[in-house]
Amino acid sequence: MGNEDHTGITLIQGDITGQSVDAVVNAANSSLLGGGGVDGAIHRKGGPKILEECRELRASRYEEGLPAGQAVATTAGDLPARWVIHTVGPVYSTSEDRSGILSSCFTESLRVAGELGAGSVAFPAISTGVYRWPLDDAARIAAQAVMNSSAQVPDIRFVLFDERALSAFQKAFDTA
Ligand code: ADP
């Protein structure tokens with residue numbers, strides 16, 4: 001179902017939990033203890049090991065939760081992947097420009113993936129669900145962040161849930 005290719009970047013319509021990649025990026029929330037959307041799907045399909053490691057992270061490095069714009073890896077449990085990289089997108093705001101935080105989700109996730117030695121990474125459309133970021137703008141920020149990243153990950157995929165998200169990302173990469 002690959003659609004578009006920009007030097008190692010592929011846009012796919014589908015469910016991110018079905019992707020066979022080294023690292024799947026989770027649109028998590030700060031608590032790291034699960035939520036809806038991508039987060040819910042990853043924990044449902046990945047099983048309890050992921051939550052167990054998230055709880056350990058909350059008890060050690062991230063007692064206050066994972067701040068928006070940062071990323072941290074755990075096992076991928078039963079998913080067809082080696083790691084889940086949890087990143088927390090910003091909630092969309094009309095009164096404050098949080099695009100730097102959204103951009104950071106992509107660069108930080110890629111940095112973590114690079115450190116792990118991941119050859120392939122799958123991203124969802126971070127912040128465009130429960131966190132309400134307008135799709136076209138989120139796609140533009142994602143495309144710019146990934147294309148300007150210096151991380152060494154040869155295979156980067158965006159896995160978009162529906163046709164509307166897929167075409168927003170296609171447009172963003174075409175014009176980036
Ligand atoms: P956020 O809280 O960062 O907004 P969500 O998980 O609510 O994150 O949504 C992010 C995007 O992921 C939305 O566009 C949503 O439609 C999409 N999405 C939800 N479930 C999946 C899935 N299983 N695979 C890929 N994308 C998904």
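**View 1. The ligand in its pocket.** The largest pocket of this predicted model is the space taken by the ligand. On a 1 Å grid over the protein atoms alone, a pocket is an open set of points with protein on both sides within 12 Å along at least five of seven lines, and a molecule sits in one if more than half of its atoms lie within 2 Å of its grid points. Local features need pLDDT of at least 70 and side-chain atom pairs count only at pLDDT 80 or more, whereas totals for chains, interfaces and linings use all residues. Residues are numbered from 1 along each chain as its sequence is written, and side-chain values use heavy atoms, with hydrogens and water left out.

**View 2. The shell around the ligand.** Among the 16 residues around the ligand (a heavy atom within 4 Å), those that come nearest are I16, V38, S127, T128 and G129. Helix 1, a DSSP run (H or I, at least four residues), spans residues 37-46 and gives the most to this shell, with three residues.

**View 3. Backbone contacts with the ligand.** Polar contacts, pairs of N or O atoms within 3.5 Å, join ligand oxygen to the backbone: a backbone N or O atom lies 2.8 Å from a ligand oxygen atom in G129 and 2.9 Å from one in V130, while a polar backbone atom of Y131 is 3.0 Å from a ligand oxygen atom. The protein covers 88% of the 570 Å² of accessible area that the ligand has on its own (Shrake-Rupley method, 1.4 Å probe).

Terms used. A polar contact is a pair of N or O atoms within 3.5 Å; within protein, one must be able to donate a hydrogen and the other to accept it, and residues adjacent in sequence count only if both atoms are side-chain atoms. On a 1 Å grid over the protein atoms alone, a cavity is a set of points where a 1.4 Å probe fits but cannot get out, and a pocket is an open set with protein on both sides within 12 Å along at least five of seven lines; lining residues have an atom within 4 Å of a point. Helices (H or I, at least four residues) and strands (E, at least two) are DSSP runs, numbered from the N terminus.
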